[in-house]
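Work through the following exercises with the coordinates open, and try each task before reading its solution.

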Amino acid sequence: LAPRECRAKFVATWVARGRRRVPGFFEPLPDTIGASFSARTAVVRRLAMPSAEIISGKTVSAQVRERLKNQVAEMKAKVPGFRPGLAILQVGDRDDSNLYISMKLKAAAEIGINANHIKLPGTATEAEVLKCINNLNEDPAIHGFIVQLPLDSNKPINTEKITNAVAPEKDVDGLSSVNAGKLSRGDLSNCFIPCTPKGCMELIRQTGVQVAGKKAVVIGRSKIVGAPMHDLLLWNHATVTTCHSKTASLADEVSKADILVVAAGKAEMVKGEWIKPGSVVIDCGINHIPDNTRASGKRVVGDVAYASAKERAAYITPVPGGVGPMTVAMLMQVSTSLWGRAFFFIFH
């Protein structure tokens, strides 16, 4: 048995035997058995449900990036002049988008990828954005590219039209209808998967918990995280429920989840007491709440009440340092797979 299962079995035996001594534990005094019932129950709960193991996205993403760095170096050594090309198209000047893009550019430089940041002004029209996308689609030096969302323009722009204008074979974000459709039909080997759900799956794999046969609950149904996360879990043979703003009895649904992925965008909306004991909790949320103890006056929290949830879950991601680093790492991984194909044709 795994350590956690051994511990649970020990506790169950101790409870069943009552006053009879279990090797390695204590035997309560006869006159304190009744009086110490609450304390005894608390001890049992602590033994049966130790604090969750933290799934570190920083650690896993560092491993992924180091592996990709070696792969790119090998490609360059075999084909002098070969340089993987990634483009990031931004419209406007949002602070959060600037931060995310800087993280992606830093990761690309670290791995050895030639990343181009194309920035259109906040006055860009839909036609201008589409023209830029068409140029990237036709540029053979660009193996893959992303359109940073949201589009920060003072002109009306149809986001769906923009994401679908990206050539499916260069759509490393996996947001086009072609890639989304393949994912929803289970064609996982022939499509690009959005980076955040892909990172979540990698973190779940790190726990050693088998997804097949498990009850999974996804909170949120966005095209970037929730919907593709549902599809990924489903095609990895979990029984999946997607919850959203119209879901009745959210707490009841969460309490059934062996695997819980939360991407709702609401600070600490999932309470610790909702969590099923022994479950895997993946928190995709990034929210700022007031905190007078911090110099900035605020702190970052996820969509899950972390402090109480980790007392019930078996595994949980922290915020920050959980899903966030994995999103960037998966973008690099997906992009490198594209360049690997290009490298294959060049080398052969």
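Accessible areas here come from the Shrake-Rupley method with a 1.4 Å probe. The model is a predicted one, and every exercise below refers to it.

**Exercise 1. Surface and overall make-up**

Task: State how much accessible surface the protein has, and what share of it belongs to carbon and sulfur atoms.

Solution: The accessible surface of the protein comes to about 17400 Å², and 55% of this area belongs to carbon and sulfur atoms. Turning from the surface to the interior, 44% of the 348 residues count as buried. The secondary structure consists of 12 helices and 11 strands. As for the contacts between residues at least 6 apart in sequence, 68% of them join residues at least 24 apart.

**Exercise 2. The nonpolar cores**

Task: Describe the largest nonpolar core, and find which helix gives the most to this core.

Solution: Begin with the general expectation that, in soluble globular proteins, nonpolar side chains tend to be buried together. In this model the largest nonpolar core has 53 residues, and those with the most contacts inside it are I204, L233, V261, I282 and M332. Helix α12 (residues 323-347) gives the most to this core, supplying 10 residues. At the level of domains, at least three residues of this core come from each of domain 1 (81-192) and domain 2 (193-326).

Next, take V261 as an example: once its neighbours within four places in sequence are left aside, V261 is in contact with C200, V217, V218, I219, M229, L233, I282 and C284. Apart from the largest core lies another, of 18 residues, which includes M269, V270, V281 and A313.

**Exercise 3. Salt bridges and their burial**

Task: For the salt bridge between R65 and E110, give the N to O distance, and decide whether R65 is buried or exposed.

Solution: A search of the whole structure finds 11 salt bridges. In one of them the side chains of R65 and E110 meet at 3.0 Å, N to O. R65 lies in helix α3 (residues 57-78) and E110 in helix α4 (residues 95-111), so this pair ties together parts that are 45 residues apart in sequence. Buried means under 20% relative accessible area; R65, at 16%, therefore counts as buried, whereas E110, at 36%, is partly exposed.

The same reasoning applies to R299 and D291, whose side chains meet in a salt bridge at 3.1 Å, N to O. Here R299 is partly exposed, with a relative accessible area of 28%, while D291 is buried, at 12%.

Finally, the side chains of K310 and E311 form a salt bridge of 3.1 Å, N to O, and K310 counts as partly exposed at 24%, as does E311 at 35%. Salt bridges that share partners also join D291, R294 and R299 into one network.

Definitions and conventions. Residues are numbered from 1 along each chain as its sequence is written. This is a predicted model: local features need pLDDT of at least 70, side-chain atom pairs count only at pLDDT 80 or more; totals for chains, interfaces and linings use all residues. Side-chain values use heavy atoms; hydrogens and water are left out. A nonpolar core is a set of buried Ala, Val, Leu, Ile, Met, Phe, Trp, Tyr and Cys residues joined through side-chain atoms within 4.5 Å. Buried means under 20% relative accessible area, exposed over 50%, partly exposed in between (1.4 Å probe, protein chains only). Helices (H or I, at least four residues) and strands (E, at least two) are DSSP runs, numbered from the N terminus. Domain bounds come from an automatic or database domain assignment. Contact means heavy atoms within 4.5 Å. A salt bridge is a side-chain nitrogen of Lys or Arg within 4 Å of a carboxyl oxygen of Asp or Glu.
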